[in-house]
Amino acid sequence: TVLDYGSTGDVAFLVTEFFPDGDLGSLIMAHGPLEPLAAVELVAQVCEGLQDAHDAGVLHRDVKPSNVLLWQRSGGWIPYLCDFGIATDGIGDQTATGSLVGSLSYMAPERHQGATASVAGDVYSTGCLLWAVLTGRAPYSGTDFQVMLAHSSADIPQLAADDPISIGINAVLRDALAKDPARRTPTAHALQARLRRLHELHARES
């Protein structure tokens, strides 16, 4: 929640709720990836916030671990999708210098190729987020050029394990990270629903 806003000299500011437990990127760096069930539940909650933004006509354009704030409760982590500093209503997608905005490691392949932001792009970034929460790293690594090329043409990353929940997660990843946006999981709500079903199924079995 934004509590106040204003400016001091040339610096604009927002006063928001305080989250003392940091962000998801810092958590992963400090403690490593989450267990599969916890990862699935956390990203499902992120999808809920992202869908709220989309319902309001706002595209986030920079879904990544460091843009997920955390509140630790007795039942686990509650995530809050934050940093809408480069969000857009979809009309414009570039900076004044003409360069694309966003984080290369979590950016959809069509955006690397110059396409404007879309719901499908945010869904792809959330798929990248899921992979990062499960493994502790972004889907692809290397130079900026290598990362951009990998998003466009490399195989979709998959968990190596063949236990039932890993098989289910791999199916979710294949759809969320489809190279063709038309073949991708269509909405954040649809991605959330798949993650919720996966969590419910395997939580009963564990």
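What share of the 206 residues in the protein is buried? Buried residues make up 42% of them. The views below come from a predicted model.

**View 1. The whole chain, with seven helices and four strands.** From the N terminus on, the elements run β-β-α-α-β-β-α-α-α-α-α. The radius of gyration is 17 Å, close to the 17 Å that the globule rule gives for 206 residues, so the protein is as compact as a globular protein of that length. Along the principal axes, the C-alpha atoms fill a box of roughly 55 × 40 × 30 Å. The accessible surface comes to about 10,700 Å². Carbon and sulfur atoms account for 55% of that surface. Take the contacts between residues at least 6 apart in sequence: 63% of them join residues at least 24 apart.

**View 2. The hairpin of strand 1 and strand 2.** Strand 1 covers residues 2-8. Strand 1 and strand 2 run antiparallel, joined by six bridges. Ser7 has Ala12, in strand 2, as its bridge partner. Two residues lie between the strands of this hairpin. Gly9 takes a positive phi there, near 65°. Strand 2 is hardly covered. Of its six residues, the count of buried ones is zero.

**View 3. The aromatic pair of Phe19 and Tyr80.** A search of the whole structure finds one aromatic pair. Phe19 and Tyr80 form this pair, with 4.6 Å from centre to centre. The planes make an angle of 45°, and the pair is tilted. Which parts of the chain does the pair link? Phe19 sits in the loop between strand 2 (11-16) and helix 1 (24-31). Tyr80 belongs to strand 4, residues 76-81. The two residues are 61 apart, so the pair links distant parts of the chain.

**View 4. Cover around the two rings.** Is Phe19 buried or exposed? Phe19 counts as buried because its relative accessibility is 15%, and the cut-off is under 20%. Tyr80 has a relative accessible area of 29% and is therefore partly exposed.

**View 5. Confidence, and the segment of residues 91-99.** The mean pLDDT of the protein is 90. A pLDDT of 70 or more is reached by 91% of its residues. Where does pLDDT stay under 50? It does so over residues 91-99. For this segment the model has twelve contacts beyond four places in sequence.

Key:
Residues are numbered from 1 along each chain as its sequence is written. This is a predicted model: local features need pLDDT of at least 70, side-chain atom pairs count only at pLDDT 80 or more; totals for chains, interfaces and linings use all residues. Side-chain values use heavy atoms; hydrogens and water are left out. pLDDT is the predictor's confidence in each residue, from 0 to 100. Contact means heavy atoms within 4.5 Å. Rings of Phe, Tyr and Trp (its six-membered ring) pair if their centres lie within 6.5 Å; planes under 30 degrees apart count as stacked, over 60 as edge-to-face and the rest as tilted. Buried means under 20% relative accessible area, exposed over 50%, partly exposed in between (1.4 Å probe, protein chains only). Two strands pair if DSSP finds at least two bridges between them. The radius of gyration is taken over C-alpha atoms; the globule rule is 2.2 Å times the number of residues to the power 0.38. Accessible areas come from the Shrake-Rupley method with a 1.4 Å probe; for residues, only the protein chains shown count as cover.
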